[in-house]
Amino acid sequence: MHERLRRIAAKLALVPGLTGRAHSFGEEAHRFRLGRPLPEARVREFETRHGIRLPEGYRGFLTTLGHAGAGPHYGLLPLEDWDLAVLDAVRPGHLRTPFPLSPTGPVPGPDGYDAWGDPDAEPFPGAIALTSQGCSGYTLLVVSGPARGRLVNADIDLRPPFFCHDSGFLAWYERWLDEVSAGMSTAGFDLSLPSGPPAPACVLRDAPDPVQRHAAAWTLGRHPALTPAARSDLRAAAVGDAVAEVRRAAVIALGRRPVPADDPTFLRALTDTSEDVRATALSTLARRGGAWHARARALLCDTSPEVRRTAAHVLHDSGAITEADLTPMLSDPDRPVREKAGWILRQLAGGPSADA
């Protein structure tokens with residue numbers, strides 16, 4: 001571990017001045033600087049007070065490299081801010097209570113709290129807040145239970161938590177440094193696969209686990225450039241994967257740096273059985289020629305309100321919507337659709353700008 005910490009320190013020192021590196025979301029908050037390391041006695045006091053021992057990689061980082069500052073998102077939080085993801089006053093034994101999820105266990109239900117059983121239980125026991133992702137999102141480090149040492153993405157607005165694919169804190173932190181250095185976008189960092197074999201394109205093509213295929217698509221989409229083979233695999237997944245979330249992730253990946261040869265894939269995705277895939281495909285086509293306008297105009301009558309709103313938005317954004325397209329939408333049963341149509345009509349008439 002000491003050798004790995006030295007390597008991480010060397011990479012962190014180099015990243016800010018690297019030519020061609022990516023901008024790391026939130027870097028203005030930390031400027032790639034860490035606070036001073038914590039004294040061993042202070043870390044022991046924290047552990048004794050809460051009846052836990054911090055995972056070794058994170059513990060070594062705190063006492064050797066630094067405390068708070070440089071890291072993914074808005075940077076590493078101070079140890080004393082460990083409870084930011086807890087909604088109410090912390091109950092005794094919160095960190096000693098095993099984290100109730102495991103990377104191989106069942107996925108929580110739609111409200112994100114099903115795994116806790118008791119609806120009045122505190123969220124995220126056995127875990128500390130490691131970074132703020134902005135708004136209500138946090139990255140957590142599990143300190144108790146079978147998943148100890150793993151990182152979890154959590155949202156205190158009740159979206160289900162999910163595990164990062166990295167093996168632990170140091171792997172996660174070093175991957176962030178390596179990817180920023182390589183010019184990879186930090187959008188989707190927590191959804192992505194760690195580096196190393198098998199390559200993401202192989203995972204997307206061959207992995208039986210849809211969670212792995214989903215992560216592979218996100219990973220490919222974050223690269224500064226796609227190889228022809230990787231782009232081909234993404235096209236195949238965008239229209240052929242059995243799982244809608246994988247298809248949507250592949251459409252997003254292609255849409256970040258689209259080329260004309262991707263357009264047939266986006267057009268096919270407009271007829272996907274999943275409304276999320278249809279809406280995402282619409283968004284990728286905005287301002288990309290006019291071959292898709294007729295299909296997008298048909299989606300103004302889609303069964304999904306989200307697709308109807310998206311179709312109106314992208315057609316307007318591309319200068320291809322008319323008053324005749326919008327008038328029927330003013331009586332749409334979905335209020336946000338009606339508001340979107342009214343807002344666009346005001347823009348066409350040269351009225352005041354206001355978001356719908």
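Two rings of Phe, Tyr or Trp (for Trp, the six-membered ring) pair up when their centres lie within 6.5 Å. On that basis, a search of the whole structure, which is a predicted model, turns up 10 aromatic pairs. A pair of aromatic rings is described by the distance of the centres and the angle of the planes. For tyrosine 173 and tryptophan 176, the centres sit 5.4 Å apart and the planes are at 65°. Planes over 60 degrees apart count as edge-to-face, so this pair, at 65°, is edge-to-face. Both partners belong to helix α5 (residues 169-181), and because they are 3 residues apart there, about one helical turn separates them. Tyrosine 173 and tryptophan 176 are both buried.

The two rings also have company. One aromatic cluster takes in Phe32, Tyr58, Phe61, Phe169, Trp172, Tyr173, Trp176 and Phe189. Among its members, phenylalanine 32 deserves a look at its backbone: phi is near 60°, a positive value in a residue that isn't glycine. Phenylalanine 32 is placed in the loop between α2 (27-30) and β1 (34-35). Its relative accessibility is 8%, so phenylalanine 32 counts as buried.

Alanine 68 is another non-glycine residue with positive phi, in this case near 70°. Here the setting is a strand, β2 (residues 67-69). With a relative accessible area of 15%, alanine 68 is buried. A further backbone feature turns up at the peptide bond from proline 197 to proline 198, which is cis, with omega near -5°. Proline 198 sits in the loop between α5 and α6 (200-206).

Now for the helix packing. Two packed helices are described by the angle between their axes and the distance between the axes. Helix α5 packs with helix α1 (residues 2-14): their axes come within 10 Å and cross at roughly 30°. Angles under 35 degrees count as roughly parallel, and α1 and α5 are therefore roughly parallel to each other. The crossing of α1 past α5 is left-handed. On the α1 side, the contact is made by Arg4, Leu5, Arg7, Ile8, Lys11 and Leu12, while α5 supplies Leu170, Ala171, Tyr173, Glu174, Leu177 and Asp178. Sorted by class, the residues of this contact come out as 7 nonpolar and 5 charged, with no polar ones. Tyr173 thus appears in the contact with α1 as well as in the aromatic cluster.

Further along the chain, helix α8 (residues 228-240) and helix α9 (residues 244-256) bring their axes within 7 Å, crossing at roughly 140°. That angle makes α8 oblique to α9, as the roughly antiparallel class takes in angles over 145 degrees. This crossing, too, is left-handed. From α8, Arg231, Leu234, Arg235, Ala237, Ala238, Val239 and Gly240 take part in the contact, and from α9, Arg247, Ala250, Val251, Ala253 and Leu254. The split by class is 8 nonpolar, 1 polar and 3 charged residues.

Last comes phenylalanine 25, found in the loop between α1 and α2. Its relative accessibility of 38% means that phenylalanine 25 counts as partly exposed. Although proline 72 is 47 residues away along the chain, the C-alpha atoms of phenylalanine 25 and proline 72 are separated by 7.4 Å. Setting aside neighbours within four places in sequence, the contacts of phenylalanine 25 are His73, Tyr74, Gln133 and Thr186.

Definitions and conventions:
Residues are numbered from 1 along each chain as its sequence is written. This is a predicted model: local features need pLDDT of at least 70, side-chain atom pairs count only at pLDDT 80 or more; totals for chains, interfaces and linings use all residues. Side-chain values use heavy atoms; hydrogens and water are left out. Axes are lines fitted to C-alpha atoms, for helices over the stretch in contact, and angles run from 0 to 180 degrees between N-to-C directions. Helices (H or I, at least four residues) and strands (E, at least two) are DSSP runs, numbered from the N terminus. Angles under 35 degrees count as roughly parallel, over 145 as roughly antiparallel, 65 to 115 as roughly perpendicular and the rest as oblique. A crossing is left-handed if the near helix is turned anticlockwise from the far one by less than a right angle, and right-handed if clockwise. Contact means heavy atoms within 4.5 Å. Ala, Val, Leu, Ile, Met, Phe, Trp, Tyr, Cys and Pro count as nonpolar, Asp, Glu, Lys and Arg as charged, and the others, Gly among them, as polar. Rings of Phe, Tyr and Trp (its six-membered ring) pair if their centres lie within 6.5 Å; planes under 30 degrees apart count as stacked, over 60 as edge-to-face and the rest as tilted. Buried means under 20% relative accessible area, exposed over 50%, partly exposed in between (1.4 Å probe, protein chains only).
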